[in-house]
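Reader: I am new to this structure. Could you take me through the terms used for it, and show how each one is earned?

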Amino acid sequence: MTSSGDRRVRIGVVGSGYWGTKLLATLVNVPGCEVRAVCDLDARALAEAGRIAPEARAYSDYQQMLADGQVEAVLIASPAVTHYPVALRCLMAGLDVMVEKPFALCETDARAMIRTAEERGRVLMVGHTFLHNPAFASLASLVRTRKLGRINLIRTSRTHFGLVRPDVDALWDLAPHDISMASCLAGTQPDRVTATGSCFTESRTLDAAQVTLGYPGGLVVQIFVSWMDPKRRRIVEVYGNLGKATFNDVTPSRKLRLVEFAAQRRWKRNSAGRLPWPVRPALARRLAFPPYRTGTPLEHECAHFLARIQDRRSPSTGAENALSVTRVLEAATRSIETGGQMILLRGGASSDLLTAAGNQAPGQ
Ligand SMILES: NC(=O)c1ccc[n+]([C@@H]2O[C@H](COP(=O)([O-])OP(=O)(O)OC[C@H]3O[C@@H](n4cnc5c(N)ncnc54)[C@H](O)[C@@H]3O)[C@@H](O)[C@H]2O)c1
C-alpha cells in the first residue's frame with residue numbers, strides 16, 4: 001500500500017524570474033514532486049524555466065493553468081503586488097499554495113487568504129525561507145534549550161546593493177525574514193513596534209528601515225534592512241545572560257557561532273540589591289561553532305511544503321506566521337508614517353493596532 005508520504009504531488013510555479021527559477025531548480029530534485037506547469041508573463045522567463053523543468057507545461061496566464069486542472073499545488077514567486085490576487089484564485093480553485101514573502105501587502109488581504117484556505121481545507125504556506133535554514137534551526141534550538149540563558153536582545157542586519165523592487169519598499173521586501181526569525185526565537189509575537197526609514201533616491205520609496213520590536217517579558221529586537229548598502233549582510237545576533245550566538249548566513253561555513261560567558265556564576269548584586277554586575281569582567285568565555293543539518297534552506301522549505309501537502313498538517317511557516325509578520329510590517333509602516341511613533345499591537349483584528357501616545361485606533 002502507498003502511504004500518503006509516497007504520493008506524488010503535481011506542482012505548478014507562478015513567476016519564474018530570479019527566485020522562481022531557484023524554486024524550480026530545487027523542486028525538480030525533491031522526491032515525490034512532479035513539476036507539471038510553469039507560468040510567467042515573460043517569454044524569456046518561460047524559456048529559461050523550460051531548460052530547468054522540461055517536463056513542465058508553459059503558461060503565460062495562470063488562470064489557464066488553473067482551468068487545465070493539471071496541478072494540485074502551486075508556488076507563487078511573482079512580484080509582491082500579485083501575491084494576494086493570484087493566491088486567492090489558486091485557493092478558490094482548490095489548490096494548496098505556497099506564497100513568497102511578503103505574504104500580502106496588508107492584514108486584510110492576509111486574513112482573506114487564510115480564511116479562504118481554511119474554508120477550502122487547503123495548505124497555505126509563506127516563503128519565510130530563513131525559518132527553514134539549517135543554521136537558523138540550530139540557533140533556535142540553542143535558544144529553546146536555554147543555552148544562552150535569558151534572551152534580552154536580538155539584533156539583525158540584512159543589507160545589499162540592489163535589487164531595488166518597483167512594487168514594495170525595502171521594509172516589506174527584506175524585513176519579513178527578520179521579523180519571522182525574531183518571533184520564532186522569542187516564541188511569541190511582539191506587542192509594540194517602532195520604526196524609522198530612509199529614502200536615498202528621488203523616488204519616495206524606503207531604501208532602508210530600522211525597526212524595533214518589543215516582546216512581552218522585555219525582549220527587544222532591533223532590525224536593520226537596506227537595499228542601498230555596498231556590503232551584503234545576513235546577520236542575527238542573540239544576546240542572553242549566559243552567552244551570545246551569531247548566525248551569519250553570508251559566510252560559506254561555520255554560519256553559527258556561540259560565545260558562552262563563563263564568568264556568569266560570579267555575578268553578585270550591588271548594595272541596592274537590584275542591579276547585578278560581574279565580579280570581574282566576563283573575559284573567561286568559550287567559543288564554539290554548533291553544528292547544523294546539511295541541505296539548502298530552499299531544499300528544506302520545498303520538502304516541508306510537499307510533506308504538508310501529503311500529510312495535511314499545518315506548515316511551520318503557515319497562516320499564523322504569515323499573518324503576524326504582515327501585521328508587524330503594517331505597524332512598522334504606520335510608525336514610519338507617524339515619525340517613529342510606537343505602535344501597540346494586540347491580538348485580534350486590525351482595529352487593535354493602537355498608537356502608544358493616544359491609544360487611538362488608526363485613522364482616528
Ligand atoms: N524567500 C526569499 O528569500 C526570496 C528571495 C528573493 C525573492 N523572493 C520573492 O519572490 C518573488 C519574486 O521575486 P524575484 O526576485 O524572482 O522577481 P523577478 O522580477 O525576478 O521575477 C518575477 C517574475 O514574475 C513574473 N510575473 C509578473 N506578474 C506575473 C503574473 N501575473 N503571472 C505570472 N508571472 C508573473 C515576471 O514576468 C517575472 O519573471 C517576490 O515576491 C520576492 O519577494 C523571495
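The questions and answers below go through the fold, the core, one helix, the ligand shell and some backbone details.

Author: Note at the start that this is a predicted model. The protein has 9 helices and 18 strands.

Reader: How many of the residues count as buried, and what makes a residue buried?

Author: A residue is buried if 20 or more other C-beta atoms lie within 10 Å of its own. Of the 364 residues, 41% count as buried.

Reader: How do you know what share of the contacts join residues at least 24 apart in sequence?

Author: Contacts between residues at least 6 apart in sequence are taken, and 65% of these join residues at least 24 apart.

Reader: What makes a set of residues a nonpolar core?

Author: The members must be buried residues of the listed nonpolar kinds, joined through C-beta atoms within 7 Å. In soluble globular proteins, nonpolar side chains tend to be buried together. The largest nonpolar core here has 99 residues, and Ile11, Val74, Ile76, Val97 and Ala209 touch the most other members. Helix α7 (residues 170-186) supplies the largest share of this core, 10 residues. At least three residues come from each of domain 1 (4-130 + 298-318) and domain 2 (134-294).

Reader: Which residues does valine 74 touch?

Author: Leaving out residues up to four places away in sequence, valine 74 touches Ile11, Gly12, Val14, Cys90, Leu95 and Val97.

Reader: How do you know whether the span of helix α8 agrees with its number of residues?

Author: Helix α8 (residues 297-311) has 15 residues, and at 1.5 Å a residue it should span 21 Å. The end C-alpha atoms are 21 Å apart, so the two values agree.

Reader: Which residues of α8 are buried, and why are they placed on the same side?

Author: Glu301, Cys302, Phe305, Leu306, Arg308 and Ile309 are buried in α8. They cover an arc of only 160° around the axis, and therefore lie on the same side of α8. The elements covering the buried residues of α8 include β1 (9-14), α1 (18-27), β2 (33-39), β4 (73-76), β5 (96-100) and β6 (124-127).

Reader: What surrounds the ligand?

Author: There are 23 residues around the ligand, and Gly15, Gly17, Tyr18, Trp19 and Glu100 come nearest. The elements giving two or more residues to this shell are α1 and α4 (80-92). Of the elements, α1 gives the most, with 3 residues.

Reader: Where are the cis peptide bonds from lysine 101 and from glycine 162?

Author: The bond from lysine 101 to proline 102 is cis, with omega near -10°. Proline 102 is in the loop between β5 and α5 (107-120). The bond from glycine 162 to leucine 163 is also cis, with omega near -10°. Leucine 163 lies in the loop between β7 (151-161) and α7.

Reader: Is arginine 146 buried or exposed, and what is its phi?

Author: Exposed means 12 or fewer other C-beta atoms within 10 Å. Arginine 146 has 11, so it is exposed. Its phi is positive, about 60°, although arginine 146 is not a glycine. Arginine 146 is found in the loop between α6 (134-144) and β7.

Reader: Why is arginine 312 called exposed?

Author: Arginine 312 has 11 C-beta neighbours inside 10 Å, so it counts as exposed. Arginine 312 lies in the loop between α8 and α9 (319-337). Although not a glycine, arginine 312 has a positive phi of about 65°.

Methods. Residues numbered from 1 in each chain as written. Predicted model: local features only at pLDDT ≥ 70, side-chain atom pairs only at ≥ 80, totals over all residues. Helix = DSSP H or I, 4+ residues; strand = E, 2+ residues; numbered from the N terminus. Domains from an automatic or database assignment. Contact = placed C-beta atoms within 7 Å. Expected span 1.5 Å × (residues − 1). Arc of directions from axis to C-beta. Near = placed C-beta within 6 Å.
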